[in-house]
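Visitor: I'd like a close look at one part of this model: the place where two domains of a chain meet. Could you walk me through that part, and then through the charged pairs you would look at next?

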Amino acid sequence: MTPILAITLFALAVFLGVEMITKIPPTLHTPLMSGSNAISGITLIGAITAAGADHSTLTTVLAFGAVVTATINVVGGFLVTHRMLAMFSSRKKS
Amino acid sequence: MSTDLIQAGYLVASILFVLGIKNLSHPRTASRGNALGSTGMAVAVVVTIADRSLVSYTTLAAGLVVGAGIGAVLALRVQMTGMPQLVGLFNGSGGAASALVGIASLITAADNATDTTQLTVGAASTIAIGSATFSGSTIAVAKLSEKLNRVRHGYWARILTALAAAATVSLSVAIVLDPGTRLWGWLLIGTGIVLGAAIVAPIGGADMPVVVALLNSLSGLAAAGTGFVLDNPVLIVAGSLVGASGLILTGIMCRAMNRTLTHVLFAEMTSHQTDNDDDIYAGRVTSSSADEVAMMLDGAQLVAFVPGYGMAVAQAQHAVRDLCQQLQTSGTEVVFAIHPVAGRMPGHMNVLLAEAEVPYEQLIEMEEINPRFRQVDVAVVIGANDVVNPSAQNDPDSPIAGMPILDAHNARTVVVIKRSLSPGFAGIANPLFAADNTVMLFGDGREAVSDITRSLRETTR
């Protein structure tokens with residue numbers, strides 16, 4: 001990717017995000033936050049790349065830390081969002 | 001795997017993230033949104049692991065197992081009361097991950113002489129934003145779990161913020177000009193950490209919903225930064241989507257408090273009214289008992305509960321649910337009036353009451369309930385303070401002037417369940433407590449509510 005292409009992609013994605021979410025019902029404020037937070041754990045891709053590159057001991061240690069923290073973010077975020085949403089929906093049935 | 005195939009995999013993941021976030025913002029599709037988002041993540045991870053440019057899998061596997069274990073335990077064991085802290089913690093770990101990826105990639109690229117300007121600019125932003133998100137979230141978590149009070153030395157925190165910001169910018173420039181010197185990267189992590197901590201430390205508890213939402217947005221931007229570092233579109237797309245949605249949530253929270261983001265982050269809340277608490281309360285506060293409140297509730301047609309963070313602290317949501325069911329069995333209509341910033345996190349009250357199995361239909365938003373308060377026989381304020389303070393409407397000099405509030409004072413009778421007359425987060429007195437139609441029930445929220453329920457059961461028998 002050329003830098004300008006990367007910036008274009010960034011700008012378009014920000015606009016898409018802003019336009020896509022207009023009104024969020026208050027019930028969903030917390031799940032939206034924890035769910036989107038889990039998505040921001042996409043940095044895990046970067047952590048995996050860094051961990052797999054096996055460049056030097058220093059970068060391997062840093063990458064290990066990155067994989068652990070990013071995975072906490074991803075797994076924890078999606079799971080807790082799932083728990084919350086399950087709570088909302090089970091209530092509707094009863 | 002061929003490059004095209006890998007890129008196609010990332011495209012699929014990006015689309016799944018877009019659909020995931022879109023679905024998460026609608027009640028009916030929220031569960032699907034979460035499923036789509038996690039599928040997108042799985043696709044992206046599998047594609048990356050299958051990429052043959054990886055040479056070692058040991059570190060990777062160990063990291064994944066440890067991280068997944070910790071994340072799963074935290075997510076499955078958390079009480080809904082502890083949700084703000086957990087979301088804060090996840091934000092912080094995402095920020096830390098991005099900062100670590102940034103510095104590891106910068107070192108690798110400098111050693112291999114593959115450091116382009118895009119890479120160094122991306123790495124500098126990621127390291128700065130990531131470490132500030134990490135420290136800011138850590139401070140926020142400490143505040144949310146009551147381990148750290150509001151830092152009173154706001155003035156020094158501002159100076160520290162300015163110094164750290166200047167140092168962060170200078171070091172970022174240094175990295176771009178001279179990527180080979182590792183010291184700049186390490187120092188940038190340090191100043192980023194100081195910057196995040198100095199910004200969040202002086203912010204009061206009432207503003208935590210804004211801070212948590214903002215940190216959520218920043219963790220997304222840090223992830224987008226790693227996309228520039230690795231030249232990977234899926235990171236840019238996912239990161240900026242989260243950055244945007246977090247920013248929208250931040251805006252919603254600010255509007256609910258009638259404040260601007262700069263005001264939340266950088267303005268002192270002046271509480272010049274604290275010295276005349278006695279003038280407001282003296283001789284005008286009516287104290288009541290659980291039995292008396294039970295009698296008031298017994299004859300009521302419409303009862304509105306107004307929950308606040310105090311309900312969460314007292315773990316009173318289940319007791320409130322019991323009282324609510326008791327009232328309904330005797331034909332009283334019960335609603336919950338939810339202020340958008342009640343609690344310490346966007347949507348906090350909804351999550352708590354959902355845990356206590358209060359039906360969704362009974363939770364009424366501010367705009368909808370306010371015109372109905374005149375028909376409410378008894379408004380039960382439990383653990384809320386500033387969000388029902390009429391000064392926001394009547395007193396132009398009040399620090400919270402103009403903040404939208406729940407019009408609980410319009411109810412025929414107001415019962416305030418509270419430990420004492422101490423002020424809320426804004427640090428100001430609440431004339432509602434001294435109003436003619438208000439009675440105070442002093443005590444622990446959960447015990448007080450259970451006492452009312454018991455008393456009500458005895459009288460109906």
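Guide: Here is a walk through the domain interface, followed by some salt bridges and one loop residue. Keep in mind that this is a predicted model.

Let's start with the layout. Chain B splits into domain 1, residues 78–266, and domain 2, residues 277–460. Measured by eye you'd want a number for the spacing, and the computed one is 37 Å between the C-alpha centres of domain 1 of chain B and domain 2 of chain B. At the interface, domain 1 of chain B brings 21 residues into contact with 20 residues of domain 2 of chain B. Putting domain 1 of chain B and domain 2 of chain B together buries about 1700 Å², and carbon and sulfur atoms give 67% of that. On the domain 1 side of chain B, B:Met80, B:Thr81 and B:Ala256 stand out: they supply 31% of the area this domain buries against domain 2 of chain B, more than any other three residues.

What about polar links across that interface? The rule finds zero salt bridges between domain 1 of chain B and domain 2 of chain B. The count of residue pairs in polar contact between domain 1 of chain B and domain 2 of chain B is also zero, with both residues required to be at pLDDT 80 or more. As for which elements do the touching, α4 (83–112), α5 (117–144), α8 (208–230) and α9 (233–256) of chain B each give two or more residues to the domain 1 side that touches domain 2 of chain B. By type, the residues on that side of domain 1 of chain B come out as 14 nonpolar, four polar and three charged.

Now for the salt bridges, of which the structure holds six over all chains. One of them joins B:Arg182 to B:Asp111, with the closest N and O atoms 3.0 Å apart. B:Arg182 sits in helix α7 (residues 182–200) of chain B and B:Asp111 in helix α4 of chain B, so this pair ties together parts 71 residues apart in sequence. Both ends are partly exposed: B:Arg182 has 38% relative accessibility, and B:Asp111 has a relative accessible area of 41%.

Another salt bridge brings together the side chains of B:Arg372 and B:Glu333, at 3.4 Å from N to O. Here B:Arg372 is in the loop between α16 (366–369) and β4 (378–382) of chain B, while B:Glu333 is in strand β2 (residues 333–338) of chain B, so the pair ties together parts 39 residues apart in sequence. B:Arg372 is partly exposed at 28% relative accessible area, and B:Glu333 is partly exposed too, at 41%.

Then there's B:Arg412 with B:Asp377, a salt bridge at 2.6 Å, N to O. This pair links distant parts of the chain, 35 residues apart: B:Arg412 is in the loop between α17 (391–394) and β5 (413–418) of chain B, and B:Asp377 is in the loop between α16 and β4 of chain B. B:Arg412 counts as exposed at 53% relative accessibility, whereas B:Asp377 is buried at 12%.

One last stop is B:Asn385, in the loop between β4 and α17 of chain B. B:Asn385 counts as buried, at 10% relative accessibility. Setting aside its neighbours within four places in sequence, B:Asn385 is in contact with B:Lys418, B:Ser422, B:Pro423, B:Gly424, B:Asn430 and B:Phe433.

Methods. Residues are numbered from 1 along each chain as its sequence is written. Chains are lettered from A and ligands numbered from 1 in the order in which they are written. This is a predicted model: local features need pLDDT of at least 70, side-chain atom pairs count only at pLDDT 80 or more; totals for chains, interfaces and linings use all residues. Side-chain values use heavy atoms; hydrogens and water are left out. Domain bounds come from an automatic or database domain assignment. Contact means heavy atoms within 4.5 Å. Buried area is the accessible area (1.4 Å probe) that two parts lose on being put together, summed over both. A salt bridge is a side-chain nitrogen of Lys or Arg within 4 Å of a carboxyl oxygen of Asp or Glu. A polar contact is a pair of N or O atoms within 3.5 Å; within protein, one must be able to donate a hydrogen and the other to accept it, and residues adjacent in sequence count only if both atoms are side-chain atoms. Helices (H or I, at least four residues) and strands (E, at least two) are DSSP runs, numbered from the N terminus. Ala, Val, Leu, Ile, Met, Phe, Trp, Tyr, Cys and Pro count as nonpolar, Asp, Glu, Lys and Arg as charged, and the others, Gly among them, as polar. Buried means under 20% relative accessible area, exposed over 50%, partly exposed in between (1.4 Å probe, protein chains only).
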